[in-house]
Amino acid sequence: MSVLTPLETRILDDWQRDFPMEPRPFDVMAQKLEVPLDEVLAQLRNLQANGTVARVGATCRPNTMGASTLAALAVPEWRVEEVAGIVGSERGVNHSYLRENEWNLWFVATAPDAADLAATLRRIEERSGLEVLALPLKRAFNIDLGFALEGPRHALQPDTPPDLSVITEKDRALMQALTNGLPLLEQPYAALGARLGMSTQEVIARVRILTEARIITRMGVIVRHRALGWRSNAMVVWNLPDEKIGAAGQALLRVPGVTLCYERTRVAGKWDYPLFCMIHAKSRSEAMQVLETAAALPEMAGAEKQVLFSIRCFKQTGAMLDRPREVHAA
(Lines give C-alpha, C1' and ligand atoms only; values in the text may rest on other atoms or scores of the structure.)
Protein backbone atom coordinates (compact mmCIF):
# COMPACT_ATOMS: atom_id res chain seq x y z
CA MET A 1 0.00 0.00 0.00
CA SER A 2 1.35 3.40 -0.99
CA VAL A 3 1.76 6.01 1.76
CA LEU A 4 1.15 9.46 0.35
CA THR A 5 3.02 12.64 1.13
CA PRO A 6 0.92 15.77 1.79
CA LEU A 7 1.63 17.01 -1.74
CA GLU A 8 0.66 13.68 -3.31
CA THR A 9 -2.56 13.69 -1.30
CA ARG A 10 -3.43 17.16 -2.58
CA ILE A 11 -2.69 16.18 -6.16
CA LEU A 12 -4.94 13.14 -5.93
CA ASP A 13 -7.72 14.75 -3.90
CA ASP A 14 -7.88 18.07 -5.76
CA TRP A 15 -7.46 16.87 -9.33
CA GLN A 16 -9.50 13.71 -9.82
CA ARG A 17 -11.86 15.86 -11.88
CA ASP A 18 -12.02 19.37 -13.37
CA PHE A 19 -8.58 19.03 -14.94
CA PRO A 20 -7.53 22.38 -16.47
CA MET A 21 -8.52 22.85 -20.09
CA GLU A 22 -5.69 25.25 -20.78
CA PRO A 23 -2.66 24.95 -23.10
CA ARG A 24 -0.42 24.45 -20.03
CA PRO A 25 -2.68 22.61 -17.57
CA PHE A 26 0.09 21.43 -15.25
CA ASP A 27 1.13 25.07 -14.77
CA VAL A 28 -2.38 25.73 -13.45
CA MET A 29 -2.03 22.79 -11.05
CA ALA A 30 1.40 24.01 -9.92
CA GLN A 31 0.11 27.51 -9.20
CA LYS A 32 -2.79 26.23 -7.11
CA LEU A 33 -0.57 23.74 -5.29
CA GLU A 34 2.08 26.47 -4.80
CA VAL A 35 4.93 24.27 -6.03
CA PRO A 36 7.15 24.38 -9.14
CA LEU A 37 5.84 22.89 -12.39
CA ASP A 38 8.69 20.37 -12.53
CA GLU A 39 7.69 19.02 -9.14
CA VAL A 40 4.07 18.48 -10.22
CA LEU A 41 5.18 16.58 -13.32
CA ALA A 42 7.73 14.56 -11.35
CA GLN A 43 5.15 13.62 -8.72
CA LEU A 44 2.63 12.52 -11.36
CA ARG A 45 5.23 10.48 -13.23
CA ASN A 46 6.23 8.77 -9.99
CA LEU A 47 2.62 8.07 -8.99
CA GLN A 48 1.96 6.58 -12.40
CA ALA A 49 5.16 4.52 -12.32
CA ASN A 50 4.35 3.00 -8.91
CA GLY A 51 0.79 2.12 -9.92
CA THR A 52 -1.04 4.62 -7.71
CA VAL A 53 -2.26 6.61 -10.72
CA ALA A 54 -3.57 4.81 -13.80
CA ARG A 55 -3.32 7.90 -16.00
CA VAL A 56 -4.13 11.58 -16.24
CA GLY A 57 -6.92 11.73 -18.75
CA ALA A 58 -10.57 11.08 -19.39
CA THR A 59 -13.18 8.48 -18.61
CA CYS A 60 -15.69 8.01 -21.40
CA ARG A 61 -19.36 7.43 -20.70
CA PRO A 62 -20.28 3.83 -21.59
CA ASN A 63 -22.03 3.20 -24.89
CA THR A 64 -21.51 6.67 -26.32
CA MET A 65 -18.31 6.42 -28.39
CA GLY A 66 -18.31 2.64 -28.41
CA ALA A 67 -20.00 -0.38 -26.86
CA SER A 68 -19.42 -1.93 -23.45
CA THR A 69 -20.87 -4.32 -20.92
CA LEU A 70 -20.19 -5.70 -17.48
CA ALA A 71 -19.81 -9.47 -17.67
CA ALA A 72 -19.02 -12.41 -15.41
CA LEU A 73 -17.83 -15.99 -15.51
CA ALA A 74 -18.32 -18.80 -12.99
CA VAL A 75 -14.76 -20.12 -12.83
CA PRO A 76 -13.67 -23.21 -10.87
CA GLU A 77 -11.12 -22.20 -8.25
CA TRP A 78 -8.36 -24.25 -9.85
CA ARG A 79 -8.83 -22.42 -13.20
CA VAL A 80 -8.95 -18.83 -11.94
CA GLU A 81 -5.42 -17.89 -13.03
CA GLU A 82 -5.83 -19.52 -16.44
CA VAL A 83 -9.20 -17.94 -17.21
CA ALA A 84 -8.19 -14.54 -15.83
CA GLY A 85 -5.30 -14.69 -18.30
CA ILE A 86 -7.69 -15.44 -21.16
CA VAL A 87 -9.97 -12.55 -20.18
CA GLY A 88 -7.12 -10.12 -19.60
CA SER A 89 -5.51 -10.91 -22.96
CA GLU A 90 -8.48 -9.36 -24.71
CA ARG A 91 -7.51 -5.81 -25.57
CA GLY A 92 -11.05 -4.56 -25.04
CA VAL A 93 -11.25 -5.84 -21.45
CA ASN A 94 -10.34 -2.85 -19.31
CA HIS A 95 -11.33 -4.03 -15.82
CA SER A 96 -11.16 -7.55 -14.41
CA TYR A 97 -11.75 -8.58 -10.77
CA LEU A 98 -12.14 -11.75 -8.76
CA ARG A 99 -15.18 -11.44 -6.46
CA GLU A 100 -16.84 -13.52 -3.76
CA ASN A 101 -19.67 -15.21 -5.62
CA GLU A 102 -20.47 -18.24 -7.74
CA TRP A 103 -20.08 -15.83 -10.66
CA ASN A 104 -16.61 -14.94 -9.46
CA LEU A 105 -14.63 -13.43 -12.35
CA TRP A 106 -16.12 -10.06 -13.30
CA PHE A 107 -14.90 -7.86 -16.12
CA VAL A 108 -15.84 -4.88 -18.25
CA ALA A 109 -15.54 -5.44 -21.99
CA THR A 110 -15.32 -2.45 -24.32
CA ALA A 111 -15.18 -2.19 -28.10
CA PRO A 112 -15.65 0.30 -30.95
CA ASP A 113 -19.10 -1.15 -31.73
CA ALA A 114 -21.60 -3.82 -30.74
CA ALA A 115 -20.31 -6.36 -33.29
CA ASP A 116 -16.75 -6.12 -31.96
CA LEU A 117 -18.03 -6.38 -28.39
CA ALA A 118 -20.00 -9.54 -29.22
CA ALA A 119 -16.89 -10.99 -30.87
CA THR A 120 -14.83 -10.33 -27.73
CA LEU A 121 -17.35 -12.13 -25.52
CA ARG A 122 -17.59 -15.00 -27.99
CA ARG A 123 -13.80 -15.47 -28.01
CA ILE A 124 -13.74 -15.55 -24.21
CA GLU A 125 -16.45 -18.22 -24.18
CA GLU A 126 -14.71 -20.30 -26.82
CA ARG A 127 -11.25 -20.10 -25.22
CA SER A 128 -12.44 -20.67 -21.65
CA GLY A 129 -15.21 -23.15 -22.36
CA LEU A 130 -17.37 -21.17 -19.90
CA GLU A 131 -20.59 -19.23 -20.33
CA VAL A 132 -20.30 -15.44 -20.25
CA LEU A 133 -23.00 -13.64 -18.28
CA ALA A 134 -23.36 -10.27 -20.03
CA LEU A 135 -25.13 -7.47 -18.13
CA PRO A 136 -25.36 -4.31 -20.29
CA LEU A 137 -25.90 -0.94 -18.65
CA LYS A 138 -29.54 0.09 -18.66
CA ARG A 139 -29.58 3.27 -16.57
CA ALA A 140 -26.90 5.28 -14.79
CA PHE A 141 -27.61 6.90 -11.44
CA ASN A 142 -23.96 7.89 -10.93
CA ILE A 143 -21.00 6.37 -12.81
CA ASP A 144 -18.30 8.88 -11.86
CA LEU A 145 -15.84 6.99 -9.64
CA GLY A 146 -13.88 9.81 -8.08
CA PHE A 147 -13.93 10.50 -4.34
CA ALA A 148 -11.79 12.25 -1.75
CA LEU A 149 -9.12 10.08 -0.15
CA GLU A 150 -9.12 12.11 3.05
CA GLY A 151 -11.93 13.53 5.18
CA PRO A 152 -15.62 12.63 5.42
CA ARG A 153 -17.48 10.72 2.72
CA HIS A 154 -20.14 12.58 0.76
CA ALA A 155 -23.34 11.77 -1.09
CA LEU A 156 -23.18 11.40 -4.88
CA GLN A 157 -24.72 13.77 -7.40
CA PRO A 158 -27.40 12.34 -9.72
CA ASP A 159 -26.23 11.51 -13.22
CA THR A 160 -26.82 13.95 -16.06
CA PRO A 161 -27.85 12.29 -19.37
CA PRO A 162 -25.41 12.73 -22.27
CA ASP A 163 -25.95 14.86 -25.35
CA LEU A 164 -24.94 12.52 -28.16
CA SER A 165 -25.62 15.14 -30.83
CA VAL A 166 -22.23 16.81 -30.23
CA ILE A 167 -20.16 13.77 -31.30
CA THR A 168 -18.20 14.12 -34.54
CA GLU A 169 -16.26 11.55 -36.55
CA LYS A 170 -12.90 12.88 -35.32
CA ASP A 171 -13.90 12.54 -31.65
CA ARG A 172 -13.35 8.78 -31.50
CA ALA A 173 -9.57 9.01 -31.99
CA LEU A 174 -9.40 11.96 -29.58
CA MET A 175 -11.40 10.13 -26.92
CA GLN A 176 -9.21 7.04 -27.29
CA ALA A 177 -6.09 9.14 -26.78
CA LEU A 178 -7.63 10.87 -23.73
CA THR A 179 -8.69 7.49 -22.34
CA ASN A 180 -5.17 6.13 -22.80
CA GLY A 181 -3.91 9.18 -20.91
CA LEU A 182 -2.39 12.57 -21.56
CA PRO A 183 1.38 12.75 -21.99
CA LEU A 184 2.94 14.17 -18.84
CA LEU A 185 4.50 17.13 -20.64
CA GLU A 186 4.26 20.88 -20.17
CA GLN A 187 1.87 21.17 -23.13
CA PRO A 188 0.03 17.84 -23.30
CA TYR A 189 -2.83 19.05 -25.51
CA ALA A 190 -0.33 20.30 -28.09
CA ALA A 191 1.47 16.95 -28.09
CA LEU A 192 -1.84 15.14 -28.47
CA GLY A 193 -2.99 17.44 -31.24
CA ALA A 194 0.25 16.98 -33.18
CA ARG A 195 -0.43 13.25 -33.38
CA LEU A 196 -4.08 13.68 -34.33
CA GLY A 197 -3.67 16.50 -36.84
CA MET A 198 -5.40 19.00 -34.56
CA SER A 199 -4.32 22.34 -33.12
CA THR A 200 -3.98 22.82 -29.38
CA GLN A 201 -7.07 25.02 -29.29
CA GLU A 202 -9.06 22.53 -31.35
CA VAL A 203 -8.21 19.73 -28.90
CA ILE A 204 -9.15 21.86 -25.89
CA ALA A 205 -12.38 23.03 -27.54
CA ARG A 206 -13.45 19.44 -28.25
CA VAL A 207 -12.57 18.33 -24.70
CA ARG A 208 -14.74 21.14 -23.31
CA ILE A 209 -17.65 20.24 -25.59
CA LEU A 210 -17.44 16.52 -24.78
CA THR A 211 -17.21 17.26 -21.07
CA GLU A 212 -20.21 19.61 -21.08
CA ALA A 213 -22.16 16.99 -23.06
CA ARG A 214 -21.27 14.33 -20.45
CA ILE A 215 -19.55 12.13 -23.01
CA ILE A 216 -16.46 12.65 -20.88
CA THR A 217 -17.70 11.76 -17.41
CA ARG A 218 -14.49 12.84 -15.69
CA MET A 219 -11.29 14.54 -16.78
CA GLY A 220 -8.43 14.39 -14.31
CA VAL A 221 -6.16 12.09 -12.32
CA ILE A 222 -7.47 8.53 -12.50
CA VAL A 223 -6.56 6.83 -9.21
CA ARG A 224 -6.07 3.14 -8.51
CA HIS A 225 -7.81 3.02 -5.15
CA ARG A 226 -6.62 -0.46 -4.17
CA ALA A 227 -3.02 0.76 -4.25
CA LEU A 228 -3.99 3.37 -1.65
CA GLY A 229 -5.54 0.95 0.83
CA TRP A 230 -9.13 0.93 -0.43
CA ARG A 231 -9.16 -2.86 -0.62
CA SER A 232 -12.50 -3.79 0.99
CA ASN A 233 -14.61 -2.90 -2.00
CA ALA A 234 -18.04 -4.43 -2.39
CA MET A 235 -20.26 -4.65 -5.42
CA VAL A 236 -23.75 -4.88 -3.93
CA VAL A 237 -26.56 -6.10 -6.17
CA TRP A 238 -30.24 -5.75 -5.39
CA ASN A 239 -33.39 -7.48 -6.62
CA LEU A 240 -36.32 -5.07 -6.75
CA PRO A 241 -39.41 -4.78 -8.96
CA ASP A 242 -38.65 -2.70 -12.03
CA GLU A 243 -41.00 0.07 -10.98
CA LYS A 244 -39.04 0.60 -7.72
CA ILE A 245 -35.54 0.69 -9.17
CA GLY A 246 -35.56 4.40 -10.06
CA ALA A 247 -36.41 5.57 -6.55
CA ALA A 248 -34.04 3.03 -4.99
CA GLY A 249 -31.13 4.10 -7.20
CA GLN A 250 -31.66 7.77 -6.33
CA ALA A 251 -31.85 6.89 -2.63
CA LEU A 252 -28.57 4.96 -2.71
CA LEU A 253 -26.81 8.07 -4.05
CA ARG A 254 -27.52 9.80 -0.75
CA VAL A 255 -25.58 7.23 1.30
CA PRO A 256 -22.00 8.43 1.97
CA GLY A 257 -19.65 5.62 1.01
CA VAL A 258 -21.65 4.49 -2.01
CA THR A 259 -19.36 5.33 -4.90
CA LEU A 260 -21.25 4.12 -7.99
CA CYS A 261 -24.85 3.20 -8.73
CA TYR A 262 -26.51 1.94 -11.90
CA GLU A 263 -29.15 -0.41 -13.32
CA ARG A 264 -28.25 -3.34 -15.56
CA THR A 265 -30.25 -5.82 -17.61
CA ARG A 266 -31.72 -8.86 -15.88
CA VAL A 267 -30.93 -12.31 -17.31
CA ALA A 268 -33.86 -14.60 -16.66
CA GLY A 269 -32.97 -17.67 -14.65
CA LYS A 270 -29.33 -16.60 -14.25
CA TRP A 271 -29.13 -13.10 -12.79
CA ASP A 272 -32.08 -11.30 -11.25
CA TYR A 273 -30.24 -8.43 -9.56
CA PRO A 274 -30.62 -5.38 -11.82
CA LEU A 275 -29.62 -2.64 -9.36
CA PHE A 276 -25.89 -2.32 -8.63
CA CYS A 277 -23.95 -0.09 -6.29
CA MET A 278 -20.29 -0.01 -5.33
CA ILE A 279 -18.96 0.63 -1.84
CA HIS A 280 -15.25 1.49 -1.56
CA ALA A 281 -13.80 1.14 1.93
CA LYS A 282 -10.52 0.48 3.71
CA SER A 283 -11.94 -2.32 5.88
CA ARG A 284 -14.72 -4.85 5.56
CA SER A 285 -16.39 -3.53 8.71
CA GLU A 286 -16.45 -0.02 7.25
CA ALA A 287 -18.01 -1.34 4.04
CA MET A 288 -20.62 -3.27 5.98
CA GLN A 289 -21.57 -0.17 7.98
CA VAL A 290 -22.23 1.66 4.72
CA LEU A 291 -24.24 -1.31 3.49
CA GLU A 292 -26.34 -1.39 6.66
CA THR A 293 -27.24 2.26 6.14
CA ALA A 294 -28.15 1.56 2.52
CA ALA A 295 -30.23 -1.51 3.34
CA ALA A 296 -32.20 0.45 5.97
CA LEU A 297 -33.46 2.97 3.41
CA PRO A 298 -37.25 2.86 2.99
CA GLU A 299 -36.74 2.53 -0.77
CA MET A 300 -34.80 -0.73 -0.23
CA ALA A 301 -37.49 -2.38 1.89
CA GLY A 302 -37.98 -6.00 0.85
CA ALA A 303 -35.04 -5.96 -1.55
CA GLU A 304 -33.04 -9.17 -1.79
CA LYS A 305 -29.32 -8.48 -2.07
CA GLN A 306 -25.96 -10.11 -2.61
CA VAL A 307 -22.62 -8.67 -1.53
CA LEU A 308 -19.66 -9.39 -3.80
CA PHE A 309 -16.40 -8.23 -2.20
CA SER A 310 -13.48 -7.92 -4.58
CA ILE A 311 -10.62 -10.30 -3.76
CA ARG A 312 -8.13 -9.48 -6.48
CA CYS A 313 -7.69 -7.03 -9.35
CA PHE A 314 -6.32 -8.59 -12.53
CA LYS A 315 -6.57 -5.63 -14.91
CA GLN A 316 -7.43 -1.94 -14.82
CA THR A 317 -6.91 0.18 -17.94
CA GLY A 318 -8.80 2.67 -20.10
CA ALA A 319 -11.61 1.61 -22.41
CA MET A 320 -11.12 0.58 -26.04
CA LEU A 321 -13.10 3.00 -28.20
CA ASP A 322 -11.21 2.88 -31.49
CA ARG A 323 -9.53 0.18 -33.55
CA PRO A 324 -5.75 -0.28 -33.38
CA ARG A 325 -4.96 2.71 -35.58
CA GLU A 326 -5.55 5.05 -32.61
CA VAL A 327 -2.76 7.11 -31.05
CA HIS A 328 -1.21 6.10 -27.73
CA ALA A 329 -0.01 8.68 -25.24
CA ALA A 330 3.70 8.63 -24.41
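In the predicted model, His-225 has a relative accessibility of 6% and therefore counts as buried, the cut-off for burial being under 20%. This histidine is found in the loop between strands S7 and S8. When its neighbours within four places in sequence are left aside, the residues in contact with His-225 are Gln-16, Leu-145, Phe-147, Leu-149, Trp-230 and His-280.

Strand S7, which spans residues 216-223, also takes part in the surroundings of helix H6, since it is among the elements that cover the buried residues of that helix. Helix H6 comprises residues 171-180 and is mostly covered, with eight of its ten residues buried. These buried positions are Asp-171, Ala-173, Leu-174, Met-175, Gln-176, Ala-177, Leu-178 and Thr-179. Besides S7, the cover over them includes strand S1 (53-60), helix H7 (188-196) and helix H8 (200-212). Just after H6, the backbone at Gly-181 adopts a positive phi of about 125°.

Helix H7, one of the elements covering H6, also contains Ala-194. With a relative accessibility of 66%, Ala-194 lies over the 50% limit and so counts as exposed. Between Ala-194 and Val-75 the C-alpha to C-alpha distance is 45 Å, at a sequence separation of 119 residues. For Arg-123, which lies in helix H5 (residues 114-128), the relative accessibility is 35%, a value between the limits of 20% and 50%, and this residue is therefore classed as partly exposed. Arg-123 and Glu-90 are separated by 33 residues in sequence, while their C-alpha atoms are 8.7 Å apart in space.

Strand S11 (residues 304-316) pairs with strand S3 (residues 93-99) in the antiparallel sense, over five bridges. Within this pairing, Arg-99 stands opposite Ser-310 of S11. Strand S11 is also joined to strand S8 (residues 234-239), again in an antiparallel arrangement, by six bridges. Here Val-237 is the residue that stands opposite Gln-306 of S11. Strand S11 thus has antiparallel pairings both with S3 and with S8, the latter being one of the two strands that flank the loop holding His-225.

At the level of the whole protein, the secondary structure consists of ten helices and eleven strands. The radius of gyration is 20 Å, close to the 20 Å given by the globule rule for 330 residues, so the protein is as compact as a globular protein of that length. Taken along the principal axes, the box filled by the C-alpha atoms is roughly 55 × 45 × 40 Å. Of the 330 residues, 55% are buried. Among contacts with a separation of 6 or more, 79% are accounted for by residues 24 or more positions apart.

The exposed surface of the protein amounts to about 14200 Å², of which 52% is supplied by carbon and sulfur atoms. The protein carries 38 positive and 39 negative charges, and the mean positions of these two sets are 2 Å apart.

Conventions
Residues numbered from 1 in each chain as written. Predicted model: local features only at pLDDT ≥ 70, side-chain atom pairs only at ≥ 80, totals over all residues. Heavy atoms only, no water. Buried < 20%, exposed > 50% of the residue type's maximum accessible area, 1.4 Å probe, protein only. Helix = DSSP H or I, 4+ residues; strand = E, 2+ residues; numbered from the N terminus. Contact = heavy atoms within 4.5 Å. Rg over C-alpha atoms; globule rule 2.2 N^0.38 Å. Areas by Shrake-Rupley, 256 points an atom, 1.4 Å probe, with all protein chains shown as cover. Lys, Arg positive; Asp, Glu negative; His and termini not counted. Charge placed at Lys NZ, Arg CZ, Asp CG, Glu CD. Pairing = 2+ DSSP bridges.
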